[in-house]
Amino acid sequence: GLSPPRHKRGGTSMASERDQQPSLRVTNLSQATMEEDLRELFGAFGRVTRVYIAKDNITQQSRGFAFVSFENKRDAENARKNLDRYPYDHLILRVEWAKPSVKKNPGAQSGLASGFTSGYGKALPQGLGGAKKEAAPARR
């Protein structure tokens, strides 16, 4: 039973810890809320490692929710307890644990994979088809 903990202390744990930083999902944000605002608000409870405000791809306006990651789970829990239903910028914030990234990954991977297949799907047939059509008449 000694080798698994030793292995965890190695390089792999750092990567998985980075992926599994305690993250909170903050909803009901106003359009005006900036990442710095959230960093300041949540930073009162501990070291914030990442703030991500979801924005509309086209308008670049806030979609009203964000993710805040903490270095320490206790700090994140503290922030969650204190800031859930907190009145902020004329709205009442909702703060909950972000869904674990384990659940997100399969979706993200299939999304990426489908993105790549459609990319290659568009590129390869044209390239290959074109090359074959040109090559065949040239040989005859």
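Reader: Among contacts in the protein chain between residues at least 6 apart in sequence, what share joins residues at least 24 apart?
Author: The model is a predicted one. Contacts in the protein chain between residues at least 6 apart in sequence were taken as the base. Of these, the share that joins residues at least 24 apart is 59%.

Reader: In what order do the elements of the protein chain run from the N terminus on?
Author: The protein chain holds 5 helices and 6 strands. Read from the N terminus, the order of these elements is α-α-β-α-β-β-α-β-β-β-α.

Reader: What is the strand order of the open sheet of 4 strands, and which are its edge strands?
Author: Pairing in this open sheet is antiparallel, and the order is β2-β3-β1-β6. The strands that pair on one side only are the edge strands, β2 and β6 (94-97). Neighbouring strands of the sheet are turned against each other, direction ignored, by an average of 20°. To name the two asked for once more, the edge strands are β2 and β6.

Reader: Which helix packs on the sheet and touches β1, β2, β3 and β6, and what angle does its direction make with that of β2?
Author: The helix in contact with these four strands is α3. Its direction and that of β2 make an angle of about 140°.

Reader: Which helix lies across β1, β3 and β6, and at what angle to β6 does it run?
Author: Residues 73-83 form this helix, α4, which lies across the three strands. Relative to β6, α4 runs at about 150°.

Reader: How many bridges join β2 to β3, and how many join β1 to β3?
Author: Strand β2 (residues 48-55) runs antiparallel to β3 (residues 62-70). Arg50 has Ser69 as its bridge partner in β3, and Ile53 has Ala66. On the β1 side, also antiparallel, Thr27 has Phe65 as its partner in β3. The counts are 6 bridges for β2 with β3 and 5 bridges for β1 with β3.

Reader: Which residue in the turn of the β2 and β3 hairpin has a positive phi?
Author: The hairpin has 6 residues between its two strands. In that turn, a positive phi of about 60° is found at Gln60.

Reader: Why is β3 described as largely enclosed by the rest of the structure?
Author: A residue is buried if its relative accessible area is under 20%. Phe65 has 16% and is therefore buried, and Phe67, with 15%, also counts as buried. β3 is largely enclosed because the number of its 9 residues that are buried is 8.

Reader: How are the rings of Phe65 and Phe67 arranged?
Author: The count of aromatic pairs comes to 3. In the pair of Phe65 and Phe67, the ring centres are 5.9 Å apart and the planes stand at 90°. Planes over 60 degrees apart meet the cut-off, so the Phe65 and Phe67 pair is edge-to-face.

Reader: Which charged ends sit over the rings of Phe65 and Trp97?
Author: Over the ring of Phe65, 4.8 Å from its centre, sits the charged end of Arg25. Over the ring of Trp97, the distance to the centre is 5.4 Å, and the charged end belongs to Lys73.

Reader: Is Thr33 buried or exposed, and which residues is it in contact with beyond its neighbours within four places in sequence?
Author: Thr33 lies in the loop between β1 (23-27) and α3 (35-43). Its relative accessibility is 3%, so Thr33 counts as buried. Leaving aside neighbours within four places in sequence, the contacts of Thr33 are Leu38, Ile53, Tyr88 and Asp89.

Notes. Residues numbered from 1 in each chain as written. Predicted model: local features only at pLDDT ≥ 70, side-chain atom pairs only at ≥ 80, totals over all residues. Heavy atoms only, no water. Buried < 20%, exposed > 50% of the residue type's maximum accessible area, 1.4 Å probe, protein only. Contact = heavy atoms within 4.5 Å. Pairing = 2+ DSSP bridges. Phe/Tyr/Trp six-rings, centres within 6.5 Å; stacked < 30°, edge-to-face > 60°. Lys NZ or Arg CZ within 6 Å of the ring centre and 35° of its normal. Axes fitted to C-alpha atoms, helices over the stretch in contact; angles between N-to-C directions.
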